[in-house]
Amino acid sequence: MSTLDLEPLATRAEPPQRLPALPADAGLTWRPLTLDDVPAWFELVTATEDADDAIERQTAAELADQFKGSWRDPARDSIAGIDADGAIRAYAFSVFRPVTEGTQAPYLVGAVHPDYRRRGVGRALVAWSEARARQQLATAEANLPARIRLFADEHNTGMRRLAEASGYGALRWYVGMRRDLSQPLPDVATPAGLRVEPYSKARDEDVRIAHNQSFARDHWGSSPVDAEAWALDVVGGEKFRPDWSVLAIDEATDRVVGYLMSGAYDQDWGPQGYTEGWTDLVAVRREWRGRGVAGVLLTAAMRAYAAEGMQYAGLDVDTDNPTGALGVYTRLGYQREKGSVLYTKEI
């Protein structure tokens, strides 16, 4: 179903008044997550990531960030299953930031400790968080198409079966890519009229605007990012590396026409077996595409990663990306690694 076929928000079914009951026979009591739960929540997340050989790992600080932002309400949007010893054995969270254009798209996250699987807990948590997502969507002011999302690592067959059993369909595939930094880096010429400079906080609002006018408009599933969300989720995280991030500036206008934002996710390095500079976001405004700007930005970032001893440069890409990003990365020496699948339910 295309977004053009989706019903407007006003004609959708009424959201559930009550959220589904959670299993009473699993040896767990249920309540929302709180900030004080972060250490115990992190223990659960680590156990499940290890069991599932997760591609990306989370830190305790990243979990604590889920309590920041005016659009988040953990007391209503989260649930945790607590065992008799006070340990968190399962959780679910429906994360939703309303937007004014694009698609309203809450995403569901959660986990069940390996010792508590195959008891119906995972299926119940998906149903609970989906119902909460429907309630969240009913509060959105903008009348836009909507879908509920959840992600699964491609190799995580258990999570993928759970998504499909819960009525979600695989819609997009994302592939992780890495580039060996011990190999010579390409000599990429900077286009005339353009200069590349390090990211600076002074240009941060210009970068956000460039993001909304390039990435958010031209990449499937993306919507504009407001200043609060940008400050918290893009440049405010503990893993953001401004010194590894670079900007492309139109010399005639002194305007940001391309950008690359990097992170150092050292919690992933041990499990994956190598160090890596990670490209979180890279985009170029439409009028500057086709001139090699993305290659210039990526090469500059790779040099920054290599200067600090990183073994690889990494990123991920939507395999259906219409801007030709996959070809750009391949030409620069990136190779495919593990990927993930986006599952959705249109409503």
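Which residue just after H1 takes a positive phi? That residue is Asp53, whose phi is about 50°. We will come back to the helix in front of Asp53 in a moment, but let us begin with the whole chain, keeping in mind that this is a predicted model.

The protein's secondary structure comes to eleven helices and twelve strands. Along the principal axes, the C-alpha atoms fill a box of roughly 65 × 45 × 35 Å. Is that in keeping with a compact globule or at odds with one? For 347 residues, a compact globule would have a radius of gyration near 20 Å, and the protein has 21 Å, so the two agree. Of the 347 residues, 51% are buried. The accessible surface comes to about 16200 Å², and carbon and sulfur atoms account for 50% of that area. The contacts tell you about the chain's path too: among those between residues at least 6 apart in sequence, 75% join residues at least 24 apart.

Now back to helix H1, which runs over residues 38-52. You can check its geometry with simple arithmetic. At 1.5 Å a residue, its 15 residues should span 21 Å, and the end C-alpha atoms are indeed 21 Å apart, which agrees. Next, look at which side chains turn inward. The buried residues of H1 are Val38, Trp41, Leu44, Val45, Thr48 and Glu49. These buried residues cover an arc of only 130° around the axis, so they sit on the same side of H1. The spacing fits a general rule: an α-helix has 3.6 residues a turn, so residues three or four places apart point the same way. What does the buried side of H1 pack against? Its partners are helix H2 (60-64), strand E3 (88-95) and strand E4 (107-112). On the face turned away from the buried side you will find the exposed residues Pro39 and Glu43.

From here, two single residues make good stops along the chain. Ala170 belongs to strand E6, residues 169-180. With a relative accessibility of 34%, Ala170 counts as partly exposed. Setting aside neighbours within four places in sequence, Ala170 is in contact with Val341, Leu342 and Tyr343. Asp318 is 148 residues away from Ala170 in sequence, yet their C-alpha atoms are 13 Å apart in space.

The second stop is Glu251, in the loop between strand E8 (246-250) and strand E9 (255-263). Glu251 is partly exposed, its relative accessible area being 46%. Not counting residues up to four places away in sequence, Glu251 touches Gly193, Leu194 and Arg195. Arg123 is another matter: 128 residues from Glu251 along the chain, it is separated from Glu251 by 54 Å, C-alpha to C-alpha.

Charged side chains give us a last thread to follow. Side chains of opposite charge can pair when their charged atoms come close. In this model the count comes to 24 salt bridges. One of them joins Glu205 and Arg208, with N and O 2.6 Å apart. Both residues lie in helix H6 (residues 204-213), three residues apart, which is about one turn of the helix. How accessible are the two partners? Glu205 is partly exposed at 38% relative accessible area, whereas Arg208 is buried at 13%.

Another salt bridge ties Asp266 to Lys239, and the closest N and O atoms are 2.5 Å apart. This pair links distant parts of the chain, 27 residues apart: Asp266 is in the loop between E9 and helix H9 (269-272), while Lys239 is in the loop between helix H8 (227-234) and E8. Asp266 has 39% relative accessibility and counts as partly exposed, but Lys239, at 12%, is buried.

Asp243 and Arg241 form a further salt bridge, with an N to O distance of 2.7 Å. Here Asp243 is partly exposed at 45% relative accessibility, and Arg241 counts as buried at 18%, since the cut-off for buried is under 20%.

Finally, which residues are linked in a network of salt bridges? They are Arg195, Glu197, Arg203 and Asp254. You have already met Arg195, as one of the residues that Glu251 touches.

Note on methods:
Residues numbered from 1 in each chain as written. Predicted model: local features only at pLDDT ≥ 70, side-chain atom pairs only at ≥ 80, totals over all residues. Heavy atoms only, no water. Helix = DSSP H or I, 4+ residues; strand = E, 2+ residues; numbered from the N terminus. Buried < 20%, exposed > 50% of the residue type's maximum accessible area, 1.4 Å probe, protein only. Contact = heavy atoms within 4.5 Å. Expected span 1.5 Å × (residues − 1). Arc of directions from axis to C-beta. Rg over C-alpha atoms; globule rule 2.2 N^0.38 Å. Areas by Shrake-Rupley, 256 points an atom, 1.4 Å probe, with all protein chains shown as cover. Salt bridge = Lys/Arg side-chain N within 4 Å of Asp/Glu carboxyl O.
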